[in-house]
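This report introduces a structure to a reader who has not met it before. It takes up a strand residue, then some charged pairs, and finally a helix.

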Amino acid sequence: MTVHTTINRLATGTYTVTRYAAASDDGFGRKVAGATSTFSIVACVQPDNKGLSNVVGPEGQTGADIASVWTMTELRPTPGSQDEITFRGEQWKVFACELWEGLGGTSYRGWAARQKVP
Amino acid sequence: MNWTTVKDALHAWVRTASGLSANKVMWGAQNIGRGDSPFISLRLLTLGNGGAQDWVDIEDAEVPEAGAEVTRIARGQRTMTFTVTCFAAANAADASEPHALLEGVRIRATLPSYRTALRAASVGIGSFEDITVLDGIINTVTFEPRAVLTCRLHLTSEISETGTFIESAELEGTYT
């Protein structure tokens, strides 16, 4: 059994990933976001910390939710142009991705942070 | 205050005075990745009135209408702290070290051409603090020289609204 077979069998679904092209600037120091493209990945997405959480701060309540994403597709945590995954109808931004080689294939484990206030 | 005009003028000053390309001089807090060294990060830190009081001027409205015969204009002087942080490669030439690039930014602010361009955006150069040389580490094992230039800018703030005035008053009384 290869790692790809394992991921497919344990996958929690097919998810939409939004990828940004490299950002540019407007000539006066302001970021201009790159064009976006979308594609689908089969992945196993699981909570990496306490699940959905609530952080109370001076600025209001925000989330501190992290999820692990096991997939055969590389995810890009490029600063300022991170891949975004739609999970449970909400946006999660990828901030790390490990490459695993062997076990009959190449796979990745990514980490994504929830972007919506719970 | 037109913030776009102010920021564009400040960016143009630092960009041309440092000699770096436009995409090497970026405003901070934009959730962007850092560029290749050398690059400069700009930040506006504080905004105050320098101890002065704001005031209101009343002028005739350009197109008076009933109930809007005058324009009330609130005006005030502002001082702002502007920081310029430079990051450079560890093996940069002497003239390309961060403190050298920032010194170029500071001294050129004295030239009439730079002052005129900033004045056109209603930005006045106040005072400069000492350039501070900092050290940093990037990518875990690489030393990176950095430096910070802080200056105080003079700006103006203005906003207006329409209003009316009392045209006449009549006194009634009983005379005996």
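In this predicted model, Thr150(B) has its place in strand E7 of chain B, which is made up of residues 142–163. The relative accessibility of Thr150(B) is 13%, and because buried means under 20%, Thr150(B) counts as buried. Leaving aside residues up to four places away in sequence, Thr150(B) touches Thr81(B), Phe82(B) and Thr83(B), and it also touches Ser127(B), Phe128(B) and Glu129(B).

The charged pairs come next. Side chains of opposite charge can pair when their charged atoms come close. How many salt bridges does a search of the whole structure find over all chains? The search finds 12, and the table lists three of the 12 salt bridges.

| Salt bridge | Closest N to O (Å) |
|---|---|
| Arg30(A) with Asp8(B) | 2.7 Å |
| Arg114(A) with Glu90(A) | 2.5 Å |
| Arg75(B) with Glu59(B) | 3.9 Å |

Arg30(A) forms its salt bridge with Asp8(B). Arg30(A) lies in the loop between strand E2 (24–25) and strand E3 (31–32) of chain A, whereas Asp8(B) lies in helix H1 (residues 3–18) of chain B, so this pair joins two chains. Both Arg30(A) and Asp8(B) are buried.

The side chains of Arg114(A) and Glu90(A) also meet in a salt bridge. This pair links distant parts of the chain, with Arg114(A) in strand E10 (residues 105–114) of chain A and Glu90(A) in strand E9 (residues 90–102) of chain A, 24 residues apart. Are these two residues buried or exposed? Both Arg114(A) and Glu90(A) are buried.

In chain B, Arg75(B) forms a salt bridge with Glu59(B). Here too the pair links distant parts of the chain, since Arg75(B) belongs to strand E4 (residues 68–87) of chain B and Glu59(B) to strand E3 (residues 55–65) of chain B, 16 residues apart. Salt bridges that share partners join Asp57(B), Glu59(B), Arg75(B) and Glu158(B) into one network. Within that network, Glu59(B) counts as partly exposed, at 38% relative accessibility.

The last element is helix H2 of chain B (residues 98–108), whose buried residues are Pro98(B), Leu101(B), Leu102(B), Gly104(B) and Val105(B). Because these buried residues cover an arc of only 150° around the axis, they are on the same side of H2(B). In an α-helix there are 3.6 residues a turn, so residues three or four places apart point the same way. What covers the buried residues of H2(B) includes H1, E4 and E7 of chain B.

Key: Residues numbered from 1 in each chain as written. Chains lettered and ligands numbered in written order. Predicted model: local features only at pLDDT ≥ 70, side-chain atom pairs only at ≥ 80, totals over all residues. Heavy atoms only, no water. Helix = DSSP H or I, 4+ residues; strand = E, 2+ residues; numbered from the N terminus. Buried < 20%, exposed > 50% of the residue type's maximum accessible area, 1.4 Å probe, protein only. Contact = heavy atoms within 4.5 Å. Salt bridge = Lys/Arg side-chain N within 4 Å of Asp/Glu carboxyl O. Arc of directions from axis to C-beta.
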